[in-house]
Each structure stands twice: as C-alpha cells, then as structure tokens.
Amino acid sequence: MGGLSIGQVAERTGLSVHALRFYEREGLLADPVRRESNGRRVYTEEDVDWLNMCIKFRSSGMPLDTIRKYTDLVRQGAGNEADRLALLKSHQDHVRAQIEELNECLNVITWKVDIYQEHVNAGTADCLWVTPSTQTASEAS
C-alpha cells in the first residue's frame with residue numbers, strides 16, 4: 001500500500017515537517033497517521049486534503065482548540081452534524097466580520113492613495129502630512 005512521506009506532505013501543503021508533527025501530536029488530523037515498520041509516517045491523499053482544510057481554517061483565524069473540537073466531532077462519526085454546522089457557522093461569521101473590517105481598512109487606504117496620487121500628479125505632494133519637526137521656523141508661525 002503506497003502513501004506519502006512526511007517530506008512529500010510538507011511540500012504539498014506548505015507546512016514544515018515540524019508543523020506536521022505538531023498537527024499530529026495535537027490531534028488535528030482526522031485519522032491516525034499510519035507508520036511503516038521502521039516508524040516512518042505514511043500519509044494518505046485524505047490526510048493532505050484534511051491538512052489543507054485545517055490550513056485554511058488557521059489562515060482565517062480559527063483557533064487550534066476549535067480545529068481540534070471540529071476534528072473530534074468528525075472522528076465521533078454521524079450524529080453530531082448540527083454541532084459541526086454550528087461550529088463552522090460561528091467561524092464563518094467571524095471571517096465575514098474580518099472581511100468587513102479589512103474592507104473598511106482598504107477604503108481608507110484607497111482614499112489616501114487617491115489623495116497622494118492627485119497631489120503627486122499636480123506637483124503639490126510636498127505639502128502632505130508635514131510634521132512640526134519638518135517645518136521651518138517661518139512655516140510654524
């Protein structure tokens with residue numbers, strides 16, 4: 001039975017070998033990682049898919065404890081789908097709020113870029129955000 005080495009999984013997921021061992025140690029994989037007789041880990045395509053999902057969860061701000069809870073629910077099998085859904089919906093709400101906040105930040109940045117672009121094009125950019133320490137004595141009065 002073939003499989004993927006820890007190095008291959010690291011390459012495919014972008015996680016370090018250390019991070020993969022951490023994910024396994026912390027119980028974040030849906031299934032136990034199979035080991036060869038020499039103790040080397042052997043991963044499956046399903047492990048890679050699961051890890052890629054976990055990476056997206058982490059990238060979107062999901063705490064490790066929440067990923068662990070989701071993983072535990074999946075391991076328990078059928079009957080807790082409503083709990084899984086509630087967990088995912090809660091995180092979805094969190095991500096939507098993050099996106100809204102980032103859009104507000106982007107609006108401010110875009111506004112500032114437009115102002116600077118306008119002044120750079122007009123040759124009047126030297127008057128933007130002049131701090132007191134850069135003003136001459138005659139400008140300060």
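## Exercises on a helical model

Leucine 88 is found in helix H5. The model is a predicted one, and the exercises below start from this helix and work outwards.

**Exercise 1. Work out whether leucine 88 is buried, partly exposed or exposed, and find which residues it contacts.**

*Solution.* Begin with the accessibility. The relative accessible area of leucine 88 is 31%. Buried means under 20% and exposed means over 50%, so leucine 88 counts as partly exposed. Next, look for its contacts, leaving aside neighbours within four places in sequence: leucine 88 is in contact with Phe57 and Tyr70. Finally, try a distance along the chain. Glutamate 100 is twelve residues from leucine 88 in sequence, and their C-alpha atoms are 18 Å apart.

**Exercise 2. Compare the span of H5 with the expected one, then find its buried residues and what they pack against.**

*Solution.* Take the length to start with. H5 covers residues 81-122, which makes 42 residues. At 1.5 Å a residue, 62 Å is expected, and the 60 Å from the first C-alpha to the last is close to that. Now turn to burial: Arg84, Leu87 and His91 are the buried residues of H5. They pack against helix H3 (45-59) and helix H4 (64-76). To finish, step past the end of the helix, where glycine 123 follows with a positive phi, near 75°.

**Exercise 3. Explain why histidine 91 counts as buried, and list what it touches.**

*Solution.* Locate the residue: histidine 91 is in helix H5. Its relative accessibility is 11%. Since the cut-off for buried is under 20%, histidine 91 counts as buried. Then collect its contacts, not counting residues up to four places away in sequence: histidine 91 touches Phe57, Ser60, Gly61 and Met62.

**Exercise 4. Carry out the span check for H4, and find its buried residues and what covers them.**

*Solution.* H4 has 13 residues, which at 1.5 Å a residue should span 18 Å. Its end C-alpha atoms are 18 Å apart, so the two values agree. The buried residues of H4 are Ile67, Arg68, Tyr70, Thr71 and Leu73. What covers them includes H3 and H5. Just after H4 comes glycine 77, with a positive phi of about 90°.

**Exercise 5. Describe how H3 and H4 cross, and sort the residues of their contact by type.**

*Solution.* Two packed helices are described by the angle between their axes and the distance between the axes. Here the axes of H3 and H4 come within 10 Å and cross at roughly 145°. The crossing is right-handed. On the H3 side, the contact involves Trp50, Met53, Cys54, Phe57 and Arg58, and these meet Leu64, Ile67, Tyr70, Thr71 and Val74 in H4. Sorting the residues of this contact gives eight nonpolar, one polar and one charged.

**Exercise 6. Find how many residues the largest nonpolar core has, and which helix supplies the largest share.**

*Solution.* In soluble globular proteins, nonpolar side chains tend to be buried together. The largest nonpolar core in this model has 23 residues, and Val9, Leu20, Tyr43 and Leu51 have the most contacts inside it. At least two residues come from each of helix H1 (6-13), helix H2 (17-25), H3 and H4. H3 gives the largest share, six residues. As a last step, pick out leucine 20: it touches Ile6, Val9, Ala10, Thr13, Leu15, Tyr43 and Leu51, not counting residues up to four places away in sequence.

Definitions and conventions: Residues are numbered from 1 along each chain as its sequence is written. This is a predicted model: local features need pLDDT of at least 70, side-chain atom pairs count only at pLDDT 80 or more; totals for chains, interfaces and linings use all residues. Side-chain values use heavy atoms; hydrogens and water are left out. Helices (H or I, at least four residues) and strands (E, at least two) are DSSP runs, numbered from the N terminus. The expected span of a helix is 1.5 Å times one less than its number of residues. Buried means under 20% relative accessible area, exposed over 50%, partly exposed in between (1.4 Å probe, protein chains only). Contact means heavy atoms within 4.5 Å. Axes are lines fitted to C-alpha atoms, for helices over the stretch in contact, and angles run from 0 to 180 degrees between N-to-C directions. A crossing is left-handed if the near helix is turned anticlockwise from the far one by less than a right angle, and right-handed if clockwise. Ala, Val, Leu, Ile, Met, Phe, Trp, Tyr, Cys and Pro count as nonpolar, Asp, Glu, Lys and Arg as charged, and the others, Gly among them, as polar. A nonpolar core is a set of buried Ala, Val, Leu, Ile, Met, Phe, Trp, Tyr and Cys residues joined through side-chain atoms within 4.5 Å.
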